[in-house]
Each structure stands twice: as C-alpha cells, then as structure tokens.
Amino acid sequence: MSTRHGADHPLTWGFPAEQSVSSWEQRHDRGEVPSVWPYGLDGLREFAPVSVADLPVPGRLARLRARAGVGPRRKAGTAFTWDENAAFRLQVTKPHERFISGVIWLTDMVERGTVPARLIEVLREAEALWVLSEAQVDPLRALLGVGGPRVVAVPFGVDAEFFSVRPYPSRPRIVSIGNDRDRDPQTLFRAFSRVLDARPDTEIIVQTSAEGAPDGVQVAQRMSHGELHELYATASVVATATRPNLHVSGMTVTLEALATGRPVVNTGTPGMSQYVDEGRTGHLVPVGDAAAMADRLIALLDDPARAATMGEQGRLAVETGFTTQVMCAHLATLLLPDVE
C-alpha cells in the first residue's frame with residue numbers, strides 16, 4: 001500500500017472527553033499502556049496532522065437543537081471517530097461537514113431490536129463508515145439503506161512492540177481474558193472442567209466477573225495492560241468463548257495473545273476467521289460447544305511443540321497484517337483524499 005502524506009488535509013479525532021487522550025499519553029510515557037494514543041490511532045499522524053477534539057456527553061437541549069437543525073454550525077475539514085457513539089457526540093456537539101466513523105456495536109443492536117433511530121440518522125450523514133469485521137459490512141449497508149455511506153472492513157491492529165513475543169512456557173497453563181457482554185463464561189467454564197478432568201496438572205487463570213468458575217480455576221480481577229502481557233507470556237494457550245455476535249468480541253485479546261506468540265482457541269463467530277487462521281494460528285469452535293473447545297485445548301496441551309509453532313505463526317500473522325500501523329494505513333485511505 002503506497003502512501004503520500006496529507007499535510008494539506010488535517011484531521012480532527014473526536015474522542016469522549018471523560019476518557020482523555022492526554023491522560024492515555026501520560027500513562028504510555030510511564031509504560032503502562034500500549035500505543036501513544038488509544039487504539040493506536042497516533043499512527044495516523046504519519047499520514048496527516050491530527051488534532052483531538054474532546055467530546056462531551058450531549059445534554060437534552062443540545063440533542064433537540066441538533067435534531068431541529070439549529071445546533072452548532074458545521075466546521076470545515078474532516079473529523080473521524082472510533083465508534084458510533086462518539087460519532088453521535090461529534091455531530092451533536094461539534095459537527096463537521098465531512099466525517100467518517102467506525103461502527104462496532106450497531107449491527108448487534110439490530111439483532112436485539114435496540115437501535116436508536118437518531119443514531120441511524122447521524123450515521124447516514126457520514127461520508128464513509130468502517131467496521132472491524134467483514135461480517136458487519138452487509139448488515140450495516142442494509143441498515144443504512146440505498147444512498148447511505150460507503151461501508152468498508154478494516155483490519156484491527158495491536159501494538160506489536162508492547163505485546164512483544166515471549167518464549168513458550170514449559171508448564172501447562174490456559175489463560176482467558178475478557179468481560180464484555182458478548183462473552184460466554186458458562187461455556188468457558190464447562191470446557192475448563194473437561195480440561196481439568198483430562199489434564200489435572202493444568203493451571204487455568206480467567207479474568208472475569210462472572211460467577212460459577214469450577215474448582216481448580218483461578219479467577220483474577222481487572223489487570224493493567226502490562227500485567228496482561230506478563231500473563232499471556234505464562235500461557236500455553238489463550239481461550240475465548242463468546243455468544244453469537246458480528247463485531248468479533250474477543251478480537252483484542254486474540255491479537256494480543258498472538259502477538260505474544262501464543263495459539264488461541266476461540267468461538268468461531270462470524271468475522272473471527274479474519275483474525276484466527278484455523279489450524280495455523282489457533283482453532284475455532286462452534287458457539288456454545290464446550291466439548292469442542294475442551295478437545296482443542298487438550299490437544300494443544302498434549303503437543304506443546306505444535307502449540308509453540310502455532311504461536312510463532314500467530315506472531316508472524318500479527319506482524320504482517322494486524323499491527324496498529326497496518327490498521328492506520330487502511331484508515332488513511334478512507335480519511336485522506338491523497339492516500340492510496
């Protein structure tokens with residue numbers, strides 16, 4: 001992918017004010033978090049100047065004025081947001097004539113029947129939208145209708161320097177990280193019970209707030225990014241179980257684990273096959289199938305040489321296709337007219 005710098009086309013990144021990009025920068029300087037900016041979007045500065053606009057939560061009056069078309073005047077230039085909620089804040093509080101946004105949860109909200117009509121109106125005004133899962137492209141296009149913005153899939157990326165490759169461990173250990181609403185802890189726990197029956201020497205550590213972990217499973221609380229990296233380094237394999245979803249729940253953990261050089265066993269939801277190469281960097285199993293997940297985990301524990309090789313292939317896959325630099329290069333082609 002060849003690029004030309006877009007110095008004549010500065011970008012504005014709209015980000016929730018309460019999360020604070022500057023605070024993230026300070027934490028990065030202390031070595032606490034990956035990437036200089038959240039999601040690695042500091043990489044866009046290689047293509048064009050990027051300023052950050054803090055987006056407050058819009059009050060009721062601001063929302064009403066925006067809907068009536070009497071809100072703040074739209075600013076010239078290009079603005080972008082990471083997700084649809086930030087896009088709504090942007091166009092209500094600091095609207096821009098040209099804006100582009102990521103969309104994460106909206107396609108799954110359709111399945112649950114909880115789509116806010118006003119959010120759809122705002123997104124239809126976007127020049128383009130990106131998703132991190134190919135499985136979201138067609139549903140989002142259908143939702144926005146004929147004449148809606150262009151929708152493209154962009155590969156997610158992680159900081160492969162922060163999540164550096166680590167030597168494969170000699171002691172069998174399974175690690176599972178994540179607590180979002182689409183995780184499936186009960187399937188995970190049933191799978192772990194089967195693993196412990198077959199391989200009682202295995203250590204299992206799960207970071208979750210869910211209850212019901214079987215005996216022999218250590219439950220950890222919320223951890224820092226640095227602590228997560230150290231935990232990945234001790235894992236023989238990293239497991240993620242999710243419910244049906246289109247936005248690839250567990251994607252971040254998956255790529256962080258692969259970057260560390262660890263194979264993964266995941267629920268094969270639509271879009272996950274973009275990030276896990278079956279049999280090469282990990283395994284994908286059917287939704288809710290604890291037996292299949294346990295079988296795949298046990299097979300990797302029983303063959304550590306193969307597991308280590310899969311981890312090596314996973315690291316290579318991240319380096320070549322799933323870094324923040326790769327992601328930002330794709331985003332630049334959307335955001336800037338002179339990048340190709």
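**Exercise 1. Serine 22**

In which helix is serine 22 found? Work out its surroundings in this predicted model.

*Solution.*
Step 1. Look along the chain for the helix that holds serine 22: helix α1.
Step 2. Check how open the residue is. Its relative accessibility is 40%. Buried means under 20% and exposed means over 50%, so serine 22, at 40%, counts as partly exposed.
Step 3. Compare sequence with space. Serine 22 and valine 52 are separated by 30 residues in sequence, and their C-alpha atoms are 9.3 Å apart.

**Exercise 2. Two aromatic pairs**

Describe the ring pair of tryptophan 13 and phenylalanine 15, then that of tryptophan 82 and tryptophan 130.

*Solution.*
Step 1. Begin with the total: the whole structure contains 9 aromatic pairs.
Step 2. Take tryptophan 13 and phenylalanine 15. Their ring centres are 4.8 Å apart and their planes meet at 55°, so this pair is tilted.
Step 3. Ask about burial. Tryptophan 13 has a relative accessible area of 0% and is buried. Phenylalanine 15 has 3% relative accessibility and also counts as buried.
Step 4. Move to tryptophan 82 and tryptophan 130. Here the centres are 6.2 Å apart with 70° between the planes, an edge-to-face pair.
Step 5. Place these two residues. Tryptophan 82 sits in the loop between β3 (75–81) and α3 (84–93), while tryptophan 130 belongs to strand β5 (residues 128–131), so the pair ties together parts that lie 48 residues apart in sequence. Both tryptophan 82 and tryptophan 130 are buried.

**Exercise 3. A cluster and a charge**

Which residues form one aromatic cluster with Trp13, and over which ring does the charged end of arginine 45 sit?

*Solution.*
Step 1. The cluster consists of Trp13, Phe15, Trp37 and Phe80.
Step 2. Now follow arginine 45. Its charged end is placed over the ring of tryptophan 37, 4.4 Å from the ring centre.

**Exercise 4. The largest nonpolar core**

Which residues have the most contacts inside the largest nonpolar core, and which element supplies its largest share?

*Solution.*
Step 1. The core has 53 residues, and the ones with the most contacts inside it are Leu41, Leu44, Phe80, Trp130 and Phe156.
Step 2. Look for the elements behind it. At least two core residues come from each of β1 (11–16), β5, β7 (173–177), α8, α9 and α12 (324–335).
Step 3. Pick out the largest share: α12 supplies 7 residues.
Step 4. Link back to the earlier exercises. Phe80 and Trp130 are among the core residues with the most contacts; Phe80 also belongs to the aromatic cluster, and tryptophan 130 pairs with tryptophan 82.

**Exercise 5. The largest pocket**

How much space lies in the largest pocket, and which element gives the most to its lining?

*Solution.*
Step 1. The space comes to about 1,300 Å³.
Step 2. The pocket is lined by 45 residues, and Tyr39, Arg222, His225, Thr252 and Glu256 are the closest to its centre.
Step 3. Two or more lining residues come from each of α1 (21–29), α8 (225–234) and α9 (251–260). With 4 residues, α9 gives the most.
Step 4. Sort the lining by character: 21 residues are nonpolar, 16 are polar and 8 are charged.
Step 5. For a close look at α9, take threonine 254, which is found in this helix. Its relative accessible area is 1%, so threonine 254 is buried. Threonine 240 is 14 residues away from threonine 254 in sequence, at a C-alpha distance of 7.8 Å.

**Exercise 6. Positive phi values**

Where do serine 20 and valine 248 lie, and what is the phi of each?

*Solution.*
Step 1. Recall the background: most residues other than glycine have a negative phi.
Step 2. Serine 20 lies in the loop between β1 and α1. Its phi is positive, near 60°.
Step 3. Valine 248 is placed in the loop between β10 (237–240) and α9. Valine 248 also has a positive phi, about 60°, although it is not a glycine.
Step 4. Finish with burial: at a relative accessible area of 1%, valine 248 is buried.

Terms used
Residues numbered from 1 in each chain as written. Predicted model: local features only at pLDDT ≥ 70, side-chain atom pairs only at ≥ 80, totals over all residues. Heavy atoms only, no water. 1 Å grid on protein atoms, 1.4 Å probe; cavity = no way out; pocket = protein on both sides within 12 Å on 5 of 7 lines; lining within 4 Å. Points joined across faces, edges and corners; volume = space filled by probe spheres on them. Nonpolar A, V, L, I, M, F, W, Y, C, P; charged D, E, K, R; others polar. Phe/Tyr/Trp six-rings, centres within 6.5 Å; stacked < 30°, edge-to-face > 60°. Buried < 20%, exposed > 50% of the residue type's maximum accessible area, 1.4 Å probe, protein only. Lys NZ or Arg CZ within 6 Å of the ring centre and 35° of its normal. Core = buried A, V, L, I, M, F, W, Y, C linked by side-chain atoms within 4.5 Å.
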